Amino acid sequence: MILQDVLLPEFIKIGIEAEDKDEVFEELVAHYCLVDNSRSHDEILKAITRREAKMSTGIHKGIAVPHGKTNAVNTLRGTLGISQKGVHYDALDGEPVYLFFLIISPLEDSEKYLRLLKHLAELIEIPQFQIELQAQKDPQSAFKVIRKFEEMLSTQN
């Protein structure tokens, strides 16, 4: 499972307007539900906030990976939010966050879920990935950046 299979262009939101972590969750879950025509907003939001309560998912300078598991979805899916101004997120390093990879998984898909999170962690370790992704102005261009770095990563492994 690779990110571009889970995070389709229509699930990418450029210009996040949120000013704090809770607003980011609300904005990204609302975007996901709109695109996916889902009526599971509250269940998905609860799964994300429940996981976040354990420990901040602001895990890398400028990047957060809020994630959760719920049977409100039937397949592994993601939403990417890009903020130009940065959001106070209670990140582990105390810095604002610009890229938000929201990952939602069914309860029974633990293996795929963990593989996706591991793969995303590998991408995040490539400094140019964040730089290029953060600079994108439309979802299609952001998706191309994801595809480019995933292909690069696959040739290294």
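Buried means under 20% relative accessible area, exposed means over 50%, and partly exposed lies in between. These words are used in the legends below, which describe close-up views of a predicted model.

**View 1. A salt bridge joins Lys13 and Glu27.**
With a relative accessible area of 21%, Lys13 is partly exposed, because the buried class ends under 20%. Its partner Glu27 is buried, at a relative accessible area of 13%. The closest N and O atoms of Lys13 and Glu27 are 2.8 Å apart. Lys13 belongs to strand E1 (residues 12-14) and Glu27 to helix H2 (residues 21-36), so the salt bridge ties together parts that are 14 residues apart in sequence. The count of salt bridges in the model comes to 6.

**View 2. Lys118 and Glu122 form a salt bridge in helix H4.**
Here the closest N and O atoms are 2.9 Å apart. Helix H4 covers residues 110-124, and Lys118 and Glu122 are 4 residues apart in this helix, which means a separation of about one helical turn. Lys118 is exposed, with a relative accessible area of 54%. Glu122 is partly exposed, with a relative accessible area of 27%.

**View 3. Glu132 and Lys148 meet through their side chains in a salt bridge.**
The N to O distance is 2.9 Å. Glu132 is in helix H5 and Lys148 is in helix H6 (residues 139-156); the two residues are 16 residues apart, and the pair links distant parts of the chain. Lys148 is partly exposed, and its relative accessible area is 42%.

**View 4. Strand E5 is paired with strands E2, E3 and E4.**
Strand E5 spans residues 97-105, and 8 of its 9 residues are buried, so the strand is largely enclosed by the rest of the structure. Strand E2 (residues 63-64) runs parallel to E5 and is joined to it by 2 bridges. In this pairing, Ile63 stands opposite Leu99. Strand E3 (residues 67-69) also runs parallel to E5, with 3 bridges between them. Lys69 stands opposite Ser105 of E5. Strand E4 (residues 77-87) runs antiparallel to E5, and 7 bridges join the two. Gly81 has Phe100 in E5 as its bridge partner.

**View 5. Tyr89 and Phe100 form a tilted aromatic pair.**
A pair of aromatic rings is described by the distance of the centres and the angle of the planes. The count of aromatic pairs in the model comes to 5. For Tyr89 and Phe100, the centres are 5.8 Å apart and the angle between the planes is 45°. Tyr89 lies in the loop between E4 and E5, while Phe100 lies in strand E5, so the pair ties together parts that are 11 residues apart in sequence. Both Tyr89 and Phe100 are buried. Ring pairs also link Phe25 with Tyr89 and Phe100 into a cluster. Lys21 lies over the face of Tyr89, at 5.2 Å from the ring centre.

**View 6. Phe101 and Phe129 form a stacked aromatic pair.**
The ring centres of Phe101 and Phe129 are 6.3 Å apart and the planes are at 15°, so the pair counts as stacked. Phe101 lies in strand E5 and Phe129 in helix H5 (residues 127-134), so this pair ties together parts that are 28 residues apart in sequence. Phe101 and Phe129 are both buried.

**View 7. Met55, Ile59 and Leu92 make a nonpolar surface patch.**
The area of the patch is about 300 Å². Leu92 is located in the loop between E4 and E5. With a relative accessible area of 54%, Leu92 is exposed.

**View 8. Glu52 is a buried residue of helix H3.**
Helix H3 comprises residues 41-54 and contains Glu52. The relative accessibility of Glu52 is 7%, so this residue counts as buried. Glu52 and Leu120 are 68 residues apart along the chain, and their C-alpha atoms are separated by 17 Å.

Terms used
Residues are numbered from 1 along each chain as its sequence is written. This is a predicted model: local features need pLDDT of at least 70, side-chain atom pairs count only at pLDDT 80 or more; totals for chains, interfaces and linings use all residues. Side-chain values use heavy atoms; hydrogens and water are left out. Buried means under 20% relative accessible area, exposed over 50%, partly exposed in between (1.4 Å probe, protein chains only). Two strands pair if DSSP finds at least two bridges between them. Patches are made of residues with over 30% relative accessible area and no salt bridge: like charges are joined within 9 Å, nonpolar side chains (Val, Leu, Ile, Met, Phe, Trp, Tyr) within 5 Å. Accessible areas come from the Shrake-Rupley method with a 1.4 Å probe; for residues, only the protein chains shown count as cover. A salt bridge is a side-chain nitrogen of Lys or Arg within 4 Å of a carboxyl oxygen of Asp or Glu. Rings of Phe, Tyr and Trp (its six-membered ring) pair if their centres lie within 6.5 Å; planes under 30 degrees apart count as stacked, over 60 as edge-to-face and the rest as tilted. A charge sits over a ring if NZ of Lys or CZ of Arg is within 6 Å of the ring centre and within 35 degrees of the ring normal.
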